[in-house]
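Me: I've got a model open and a list of labels for its parts. Can we go through where those labels come from?

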Amino acid sequence: MRILILGGDGYLGWATAMYFSQRGHEIALVDNFLRRRLHLERGTDSLTPIRSLHERVQAWRELTGKHMAMYIGDLTNWDFTAHVFREFRPEAIVHYGQIPSAPYSMINVHTATFTHINNVIGNLHVLYAMRDFTPDAHLIKLGTMGEYGQPNIDIEEGYIEIEHKGRKDRLPFPKQPGSMYHLTKVHDSHNIHFACRVWNLRATDLNQGVVYGIDTDESVLDPRLINRFDYDEAFGTALNRFCVQAVIGIPLTVYGSGGQTRGYLNIRDTLACVELTALNPAEPGEFRVFNQFTEQFSVRDLAYAVQRAARELGLQVEVGHYENPRVEKEEHYYNAVHTRLLDLGLQPHYLSEELVETMIKRIAQYKDRVIMDAIVPRIRWTQGEQPHKVQLVATEPSAKA
Ligand code: USQ
């Protein structure tokens, strides 16, 4: 299959590109290096020493004999996007080419509007390029579980059957996203749904939970293929951050009471889910939604799991309690349906089997690269980015560990 990977230099994009290339698909990568630039602007970096995209692609070719085409440019530029679709003629498009950070989007008006323009306009250009040049292609779009928020009812996969005043319909599940970034994904979902209804495009929205992990079967083939691993406030997610904090010996940054519950999955499961989706495409005109995660944890559960795993390696780790910089529910109901990918054959990896070997031990190898200043949370949902104001206020007795 000819597969176009948007955001091919990113955490998921690079891993997905190698995964599909290894399985014989023809790959083209699109990237504008925005993540690398935003790290430069913020004085942060990947924990792992990633190579340039050109070096990665060259190394992949040397090791496997497989070629990946590269298009360097910005999806918000219509001429660029149109050129890519006209030339490569993808049969499937895996769209990761977006800003994925809730905290970054909440820094100020500029980062909020930039996240909107980058994500929503880029995605609209992809939809128009599909309509005009590759109308039979299948869009596999990375959405987020965060589109739903945390309602006090079970979260369905994209749609809900509603009976209202004696009439019934199957309608998009209500959305209550928790950041400007998450809002962009909601806008994308509406735009994609419209494009499927009106232009008969086929699309699958993968409403993914929080991804963790570093290595994949392909990235370990050679050090030049190593994947990015972010742990900073803007681009690092809670679990990745906790593992780095455990290794460098600072109390884990649990925000608020820690009852915030989300779906989680290993990066290897992301790849399997995307493959299952590509091999079982949506029908023309169909807008499918899969909830993509394998396990559900509260932030508190994660912190104690990391504490226990670190102890196995002789590391004493405290669970800290930080004033929550976000506006979010800290104790809430959370039960999200996620059966469609399991029905297609997904075999999940579980966190308890991964933490010690594939996370903490691996992170310890790059301990010297940690930028301490990147860890303290300074972006507040109500006031934007602050100087170092948020302090560690207490540490939890390790009774639950
Ligand atoms: N949190 C902490 N301590 C930290 C960082 C975060 O307690 O040091 C808490 C947050 O307050 C939040 C929860 O952990 O309640 C999850 O935050 P996160 O930063 O791990 O993840 P989130 O902001 O939700 O975003 C991440 C990805 C995003 C993806 C989303 C899936 O960055 O691209 O869309 O996970 S989901 O969470 O299902 O919306």
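Reply: Sure. Start with pairing: two strands pair if DSSP finds at least two bridges between them. This is a predicted model, and in it strand β6 (residues 159-164) and strand β7 (residues 167-172) are joined by six bridges, running antiparallel.

Me: So what makes β6 and β7 a pair?

Reply: The bridge count. Pairing takes at least two bridges, and β6 and β7 have six, so they count as paired. To look at one bridge, take I162, whose partner in β7 is D169. The hairpin of β6 and β7 has two residues between the strands, and K165 has a positive phi near 50° there.

Me: Now the helices. Why are α6 and α7 called roughly parallel?

Reply: Two packed helices are described by the angle between their axes and the distance between the axes. For α6 (residues 109-133) and α7 (residues 180-199) the angle is about 15° and the axes are 9 Å apart. Angles under 35 degrees count as roughly parallel, and therefore α6 and α7 get that label. Their crossing is right-handed.

Me: How do you know which residues of α6 and α7 meet?

Reply: Contact means heavy atoms within 4.5 Å. On the α6 side the residues that meet α7 include A112, H116, L124 and R131; on the α7 side, M180, D188, I192 and W199 are among them. By class, this contact has eleven nonpolar, seven polar and two charged residues.

Me: What makes β9 and β13 edge strands?

Reply: The open sheet has three strands in the order β9-β11-β13, with mixed pairing. β9 (210-212) and β13 (295-298) each have a single partner strand, so one side of each has no neighbour in the sheet. The twist averages 45° from one strand to the next.

Me: And how do you know that β11 and β13 pair?

Reply: Same kind of test: the cut-off is at least two bridges, and four bridges join β11 (residues 261-266) to β13, so the two antiparallel strands qualify. One place to look is R262, whose bridge partner in β13 is F297. Helix α10 (residues 299-312) packs on this sheet, touching β11 and β13, and its direction makes about 90° with that of β13.

Me: Where does the domain label come from, and which residues does it cover?

Reply: From an unreviewed UniProt entry, which annotates residues 3-291 as "domain: NAD-dependent epimerase/dehydratase". In the model, that span is 40% helix and 22% strand, and its end C-alpha atoms lie 22 Å apart.

Key. Residues are numbered from 1 along each chain as its sequence is written. This is a predicted model: local features need pLDDT of at least 70, side-chain atom pairs count only at pLDDT 80 or more; totals for chains, interfaces and linings use all residues. Side-chain values use heavy atoms; hydrogens and water are left out. Axes are lines fitted to C-alpha atoms, for helices over the stretch in contact, and angles run from 0 to 180 degrees between N-to-C directions. Angles under 35 degrees count as roughly parallel, over 145 as roughly antiparallel, 65 to 115 as roughly perpendicular and the rest as oblique. A crossing is left-handed if the near helix is turned anticlockwise from the far one by less than a right angle, and right-handed if clockwise. Ala, Val, Leu, Ile, Met, Phe, Trp, Tyr, Cys and Pro count as nonpolar, Asp, Glu, Lys and Arg as charged, and the others, Gly among them, as polar. UniProt positions are given in the numbering used here, feature names are shortened, and annotations may be inferred rather than shown by experiment.
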